[in-house]
Amino acid sequence: MKVERGVFAPARGDLDVARLRADFPILAECVNGRPLVYLDNGATTQKPRVVIDALARYYERDNANVHRGVHTLSRRATDAYDAARATAQRFLNAASADEIVFVRGTTEAINLVASSHARPRLAAGDEVVVTAMEHHSNIVPWQLACEAAGARLVVIPIDDAGSLRIDQAEKLIGPRTRIVAVTHVSNALGSVVPVARVVELAHRHGAVVLVDGAQAVSHIAVDVQALGCDFYAFSGHKIFGPTGIGVLWGRAPLLAAMPPWQGGGDMIRTVSFEKTTYAEPPFRFEAGTPDIGGAVGLAVALDYVTAIGLDAIAAHEHDLLAYATERLLGIPGLTIVGTAGDKASIVSFTVDGIHPHDIGTVLDQEGIAIRAGHHCAMPVMKRFGISGTARASFALYNSRADVDALAAGIESATRLFA
Ligand code: PLP
């Protein structure tokens, strides 16, 4: 492959990509003897030095359990954990830090809402509406809740480009709808869902809207009050933070009306064998020792992204996406799956005669990390009549040189399998 590696052709936009890359130690790694080209950001993002250092510093200097101790370290850990909640509040523009529940990630956030908000309310004949482009974690928890209640899961279809059929949403969201659960950005297609419009339709019928922001938060500035949704979920590891920590934002009155979903320490007010009373949100939903270090690392990651600026990140990634689309479409036999007008940072594709896993394996030999398979979105694959795609997903540290490496790698795969 004749690609200049390690030399950047910075994408247009305001980001100094070369400088940003230096923040991420792993990007200096070689994989299979080649400089790493990391294009699997949809699965998880790499961590900047500031996040890695914050985790180490927390464990080196502040580590203790939160909320229970009278000693200095416990107070320091509690302060850091509370500060992380305030950072998440600012990041989402939530009205109050009490609306921020720390969870393990998007999956746990959605399960929390499905268990604690939906299950007690859903009745036979009610409907939960999702879209045809959801990740399994925004399908299965609703299926479980619907099964338990005798409610029905309704699916808003997508068109051939992978855009949500808003005309269908208007028909399918109706008086029986109790919850509408939509992704903000599709992990398999990159399509951006017009969330504000969906919220308008749902609220017209008194339904509550949960937005799965797993693929959105590192690409689009999110303001939950402006979006108008009722719950918003995201994972720390997809926004340069640690694994094992994520955020559920919920409107205060909704959280206040939800019963606990797990019992244990820290989520109670008083416990006796006769009667236990529960803490207010968010603590009611955080039973047991939380991932304190994770929350500290997440807050640093959110501040890192905020300092760079999500508008600058979005402009850079849009440029990369346009460049990647043009480069990849020039490869004979390559089809891009997901061609919506409004897309964020993801190019899913198939190549005639080559299994997506084989594309991934050939690219790996060149040090290029992409993802291949159904991306936990089997219904999307079914919609397009395929078993899987190869997927390149970009982050703020990717450059046009990475796209060139990807295109050259796919071309080698086509030659190998010709
Ligand atoms: N929702 C979407 C759109 C995703 O892409 C993912 C992960 O890929 C998830 C939910 C689940 O996130 P997690 O595994 O961090 O809980």
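## Ligand contacts

In this predicted model, a polar side-chain atom of T107 is placed 2.6 Å from an oxygen atom of the ligand. Another oxygen contact involves S235, whose polar side-chain atom lies 2.7 Å from an oxygen atom of the ligand. D212 instead approaches a nitrogen atom of the ligand, with a polar side-chain atom at 2.5 Å. Each of these three distances falls within the 3.5 Å limit used for a polar contact between N or O atoms. Taken alone, the ligand exposes 390 Å², and the protein buries 84% of that area.

## The surroundings of the ligand

The ligand sits in the largest pocket of the structure. Its surroundings include T106, T107, H135, S137, T183 and N187. Also around the ligand are D212, A214, Q215, S235, H237 and K238. Sorted by class, this shell has nine polar residues, two charged residues and one nonpolar residue.

## Salt bridges

The structure holds 19 salt bridges. One of them pairs R371 with D40, and the closest N and O atoms of this pair are 3.0 Å apart. The two residues belong to distant parts of the chain, being 331 residues apart. R371 is in strand β16, which covers residues 371–373. D40 is in the loop between β3 (37–38) and α2 (49–62). In general, side chains of opposite charge can pair when their charged atoms come close.

## Backbone features

Most residues other than glycine have a negative phi, and most peptide bonds are trans. Against that background, three places in the backbone deserve attention.

A cis peptide bond joins P281 and P282, with omega at about 5°. P282 is located in the loop between β12 (277–278) and α10 (292–308).

Positive phi values occur at D266 and at S345, neither of which is a glycine. For D266, phi is near 75°, and this residue lies in the loop between α9 (252–256) and β11 (268–270). For S345, phi is about 60°, and its place is in the loop between β13 (334–337) and β14 (346–351).

Terms used. Residues are numbered from 1 along each chain as its sequence is written. This is a predicted model: local features need pLDDT of at least 70, side-chain atom pairs count only at pLDDT 80 or more; totals for chains, interfaces and linings use all residues. Side-chain values use heavy atoms; hydrogens and water are left out. A residue is near a molecule or strand if one of its heavy atoms lies within 4 Å of it. A polar contact is a pair of N or O atoms within 3.5 Å; within protein, one must be able to donate a hydrogen and the other to accept it, and residues adjacent in sequence count only if both atoms are side-chain atoms. Accessible areas come from the Shrake-Rupley method with a 1.4 Å probe; for residues, only the protein chains shown count as cover. On a 1 Å grid over the protein atoms alone, a cavity is a set of points where a 1.4 Å probe fits but cannot get out, and a pocket is an open set with protein on both sides within 12 Å along at least five of seven lines; lining residues have an atom within 4 Å of a point. A molecule sits in a cavity or pocket if more than half of its atoms lie within 2 Å of its grid points. Ala, Val, Leu, Ile, Met, Phe, Trp, Tyr, Cys and Pro count as nonpolar, Asp, Glu, Lys and Arg as charged, and the others, Gly among them, as polar. A salt bridge is a side-chain nitrogen of Lys or Arg within 4 Å of a carboxyl oxygen of Asp or Glu. Helices (H or I, at least four residues) and strands (E, at least two) are DSSP runs, numbered from the N terminus.
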